[in-house]
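Let's take a friendly walk through this structure together, starting with one small detail and working outwards. Please have a look at the view below before reading on.

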Amino acid sequence: MLAEERYSEILRVVNEEHAVTVQELTELLDTSESTIRRDLATLHKRGELVKVHGGATAVESGYTTKDAALSVRRDLNREVKQKIGKYAATLVQADDFVYLDAGSSVDIMIDYLTQADAVYVTNSIGHAQKLLQKGFRVILIGGELKAITEAIVGADAISGLRKYNFTKGFFGTNGVHPDAGYTTPDIAEAMVKEKAMEQCRECFVLADATKINQISSVTFSAFEDAKLLTIGIADEKYKKYKNIMEVEA
């Protein structure tokens with residue numbers, strides 16, 4: 001396959017799926033990782049996609065309307081997510097009653113949790129399994145399982161959250177914007193996030209820089225209602241906000 005043919009196929013996949021990993025492209029195009037990485041670098045320089053660690057995302061006009069699969073999002077910007085997740089894990093203390101939202105950033109945070117005296121509640125089956133493997137006490141919210149994000153959503157999930165009073169909650173997001181707040185593409189998932197935040201004494205949103213200034217379909221929280229854990233915000237308009245916690249790169 002000629003280079004321009006690969007470029008065309010890469011852009012088709014990225015624009016259809018919003019995000020893709022190097023591994024997925026090597027399998028799809030039957031070529032080497034080094035070739036795919038060079039192709040992504042070329043397309044990034046052309047401004048036709050955004051090269052991130054582990055793959056690429058589509059060039060957006062500031063709006064996203066659908067989720068990429070969790071298996072894809074786990075590998076995108078993984079090194080940055082690991083630094084954010086490692087810091088977030090240090091915020092959990094003994095006797096905390098913690099809510100862990102479904103999503104790739106929180107999934108990575110779980111790898112760094114060490115506080116066995118805390119109790120963890122989640123709406124993600126994958127999160128619950130990882131927490132159990134670490135020997136932690138886990139409560140799983142009931143409801144409908146959403147396939148693409150592996151999140152439990154729906155009326156039963158919202159009803160179940162009402163009885164809990166969390167000391168801390170950690171959340172993922174598709175978009176961060178000072179006016180639109182924290183946003184996600186799916187209304188059912190947004191409603192669960194919103195209710196869980198209402199039940200938390202302190203809320204933390206984990207977001208790498210690719211989420212900044214993005215707006216997705218549904219707002220689940222105002223920007224200043226949670227502390228934002230991130231790395232490398234370049235936009236000057238965020239300097240005035242006191243709820244931003246920049247993690248050391």
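Our starting point is a pair of residues: Ala19 has Thr57, in strand 3, as its bridge partner. Strands, like helices, are DSSP runs numbered from the N terminus; a strand (E) has at least two residues, and a helix (H or I) at least four. Before going further, please note that this is a predicted model, in which local features need pLDDT of at least 70 and side-chain atom pairs count only at pLDDT 80 or more, while totals for chains, interfaces and linings use all residues. Residues are numbered from 1 along each chain as its sequence is written, and side-chain values use heavy atoms, with hydrogens and water left out.

Now widen the view a little. Strand 1 (residues 19-21) runs antiparallel to strand 3, and three bridges pair them; two strands count as paired if DSSP finds at least two bridges between them. Strand 3 also has strand 2 (residues 49-52) as an antiparallel partner, joined by four bridges. Here Leu49 is matched with Ala58 of strand 3. Two residues separate strand 2 from strand 3 in a hairpin, and Gly54 in the turn has a positive phi of about 95°.

What covers the faces of strand 3, and which residues are buried there? In a regular strand, side chains alternate between the two faces of the sheet. Strand 3 (residues 55-58) is covered on both faces: Gly55 and Thr57 are buried on one side, Ala56 and Ala58 on the other. Buried means under 20% relative accessible area, exposed means over 50%, and partly exposed is in between (1.4 Å probe, protein chains only).

Next, let's turn to charges. Side chains of opposite charge can pair when their charged atoms come close. A salt bridge is counted when a side-chain nitrogen of Lys or Arg is within 4 Å of a carboxyl oxygen of Asp or Glu. Searching the whole structure gives twelve salt bridges. One of them joins Arg6 to Asp39, with 2.6 Å between the closest N and O atoms. This pair connects distant parts of the chain, 33 residues apart: Arg6 belongs to helix 1 (residues 3-17) and Asp39 to helix 3 (residues 33-46). Arg6 and Asp39 are both buried. Another group to find is Glu9, Arg12 and Glu16, which a network of salt bridges links.

Lys146 is worth a visit too. In its salt bridge with Asp186, the closest N and O atoms are 3.9 Å apart. The two are 40 residues apart and link distant parts of the chain: Lys146 sits in strand 8 (residues 144-146), Asp186 in the loop between strand 12 (181-184) and helix 9 (187-198). Is Asp186 buried or partly exposed? Its relative accessible area is 23%, so Asp186 is partly exposed, while Lys146, at 15%, is buried. Glu189 forms a salt bridge with Lys146 as well, and there the closest N and O atoms are 2.8 Å apart. Because Glu189 lies in helix 9 and Lys146 in strand 8, this pair ties together parts 43 residues apart in sequence. Glu189 is buried, as is Lys146.

Stay with helix 9 for a moment, since Lys195 is found there too. Lys195 has a relative accessibility of 16%, so it counts as buried. Leaving aside residues up to four places away in sequence, Lys195 touches Ile158, Leu161 and Arg162; a contact means heavy atoms within 4.5 Å.

How many disulfides does the structure hold? There are zero, a disulfide being a pair of cysteine sulfur atoms within 2.5 Å. Cys200 is in none, and its nearest cysteine sulfur, that of Cys203, is 4.3 Å away. That distance is too far for a bond, which is why the sulfur of Cys203 is not bonded to that of Cys200. Cys200 counts as buried at 12% relative accessibility, and Cys203 does so at 9%.

Finally, step back to see the whole protein. Its secondary structure comes to nine helices and 17 strands. The C-alpha trace spans about 60 × 40 × 35 Å along its principal axes. Of its 249 residues, 54% count as buried. Among contacts with a separation of 6 or more, 61% are between residues 24 or more positions apart.
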